[in-house]
Structures are given as C-alpha cells and as structure tokens.
Amino acid sequence: AGMDLDAYHEMVIQRITTDTFLKEPTIENIDAKVVNGKNAIIASIFGKMDKEKIFYKHMTVEGESQYYQVVVWLRGEKRRNEYQETVDSVLNSFREL
C-alpha cells in the first residue's frame with residue numbers, strides 16, 4: 001500500500017522546509033478539513049527569502065487515485081493579513097475533475 005494523506009503531507013512539508021530557498025521556516029498551523037468532499041490538510045508556513053518574509057499556505061488533498069498540492073504564497077506580513085480571505089477562498093475552490 002502507498003502513503004496515506006498524513007504521511008504524504010508530512011513528506012511534502014519536510015521538503016518545503018528543508019530543501020528549498022526558504023530560510024528559517026516555521027510551521028504555524030496544520031489543520032485537517034474537508035474541501036468539496038475531499039480530505040485535505042492545510043499548513044501555514046513562514047520563512048524568509050533573502051531578507052523578505054514569505055508566507056505559504058499549503059494544502060494537500062486526497063483525490064480518488066492521487067494526491068494534489070495547492071500552494072499560495074505571499075511576500076510580507078502586510079499582504080498575508082490583507083489577502084488571507086482570498087487565499088482561503090482559493091484553497092477552498094479546489095475540485096477534482
């Protein structure tokens with residue numbers, strides 16, 4: 001058997017926080033939820049790129065036969081606060097076709 005949703009999500013987040021350009025990464029929230037009938041895990045990740053703060057919202061979704069990743073990122077805390085509802089709306093719009 002393959003990985004379950006939790007294991008796949010953990011693998012992806014581990015890669016984002018260790019194998020990318022993101023420096024000083026921290027994970028603030030991890031929430032399990034259902035998005036349009038599909039099980040999903042959403043993580044909020046913060047870090048720096050050069051000297052600028054970066055905010056990621058990463059969603060792993062369990063599809064019928066595969067996993068999906070939906071990632072939205074913004075530069076700076078001001079944008080994070082300003083566009084939080086828009087980011088959540090993008091994530092919640094996921095549909096498997």
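## Working through the fold

In this predicted model, β1, β2, β3 and α2 each contribute at least two residues to the lining of the largest pocket. Let's start there and then work through the rest of the fold.

**Exercise 1.** Work out which element gives the largest share of the lining of the largest pocket, and which residues are closest to its centre.

*Solution.*
- Step 1: get the size. The largest pocket has a volume of about 160 Å³.
- Step 2: look at the lining, which has 14 residues; D31, I42, S44, K57 and D88 are the closest to the pocket centre.
- Step 3: split the lining by element. The largest share, 5 residues, belongs to α2.

**Exercise 2.** Lay out the sheet: in what order do the strands come, and why does one side of β1 and of β4 lack a neighbour?

*Solution.*
- Step 1: write down the order. The 4 strands go β1-β2-β3-β4 in an open sheet with antiparallel pairing.
- Step 2: check the ends. β1 (23-35) and β4 (67-75) are the edge strands and have a single partner each, so one side of each has no neighbour in the sheet.
- Step 3: add the twist, which averages 15 degrees from one strand to the next.

**Exercise 3.** Zoom in on β1 and β2: how many bridges join them, and which residue of their hairpin takes a positive phi?

*Solution.*
- Step 1: count the links. β1 and β2 (residues 38-49) run antiparallel and are joined by 10 bridges.
- Step 2: find facing residues. I27 sits opposite I45 of β2, and V34 sits opposite N39 of β2.
- Step 3: go to the turn. The hairpin has 2 residues between the strands, and N36 has a positive phi near 50 degrees.

As general background, strands in a sheet pair through backbone hydrogen bonds, in a parallel or an antiparallel way.

**Exercise 4.** Place the helices: which strands does α1 lie across, and at about what angle does α2 run to β4?

*Solution.*
- Step 1: take α1 (residues 5-18). This helix lies across β1, β2, β3 (52-62) and β4, and runs at about 10 degrees to β2.
- Step 2: take α2 (residues 77-92). α2 also lies across β1, β2, β3 and β4, but its angle to β4 is about 155 degrees.

**Exercise 5.** Find the nonpolar cores: which residues have the most contacts inside the largest one?

*Solution.*
- Step 1: the largest nonpolar core has 13 residues, and M59, L91 and F94 have the most contacts inside it.
- Step 2: trace where the core comes from. β2, β3, β4 and α2 each provide at least two of its residues.
- Step 3: follow F94. Residues up to four places away in sequence aside, F94 touches V35, N36, M59, V61, Y68 and V70.
- Step 4: there's a second, separate core of 9 residues, including I16, L22, I54 and Y56.

**Exercise 6.** Classify I16 and R80: is each buried or exposed, and what does each touch?

*Solution.*
- Step 1: I16 belongs to helix α1. Its relative accessibility is 12%, so I16 counts as buried, the cut-off being under 20%.
- Step 2: outside four places in sequence, I16 contacts L22, I45 and H58.
- Step 3: R80 belongs to helix α2. With a relative accessible area of 19%, R80 is buried too.
- Step 4: again leaving out residues up to four places away, R80 touches E28, F46, F55 and L74.
- Step 5: for one last distance, pair I16 with V72. They're 56 residues apart in sequence, and 13 Å apart in space from C-alpha to C-alpha.

Notes:
Residues numbered from 1 in each chain as written. Predicted model: local features only at pLDDT ≥ 70, side-chain atom pairs only at ≥ 80, totals over all residues. Heavy atoms only, no water. Pairing = 2+ DSSP bridges. Axes fitted to C-alpha atoms, helices over the stretch in contact; angles between N-to-C directions. Contact = heavy atoms within 4.5 Å. Core = buried A, V, L, I, M, F, W, Y, C linked by side-chain atoms within 4.5 Å. Buried < 20%, exposed > 50% of the residue type's maximum accessible area, 1.4 Å probe, protein only. 1 Å grid on protein atoms, 1.4 Å probe; cavity = no way out; pocket = protein on both sides within 12 Å on 5 of 7 lines; lining within 4 Å. Points joined across faces, edges and corners; volume = space filled by probe spheres on them.
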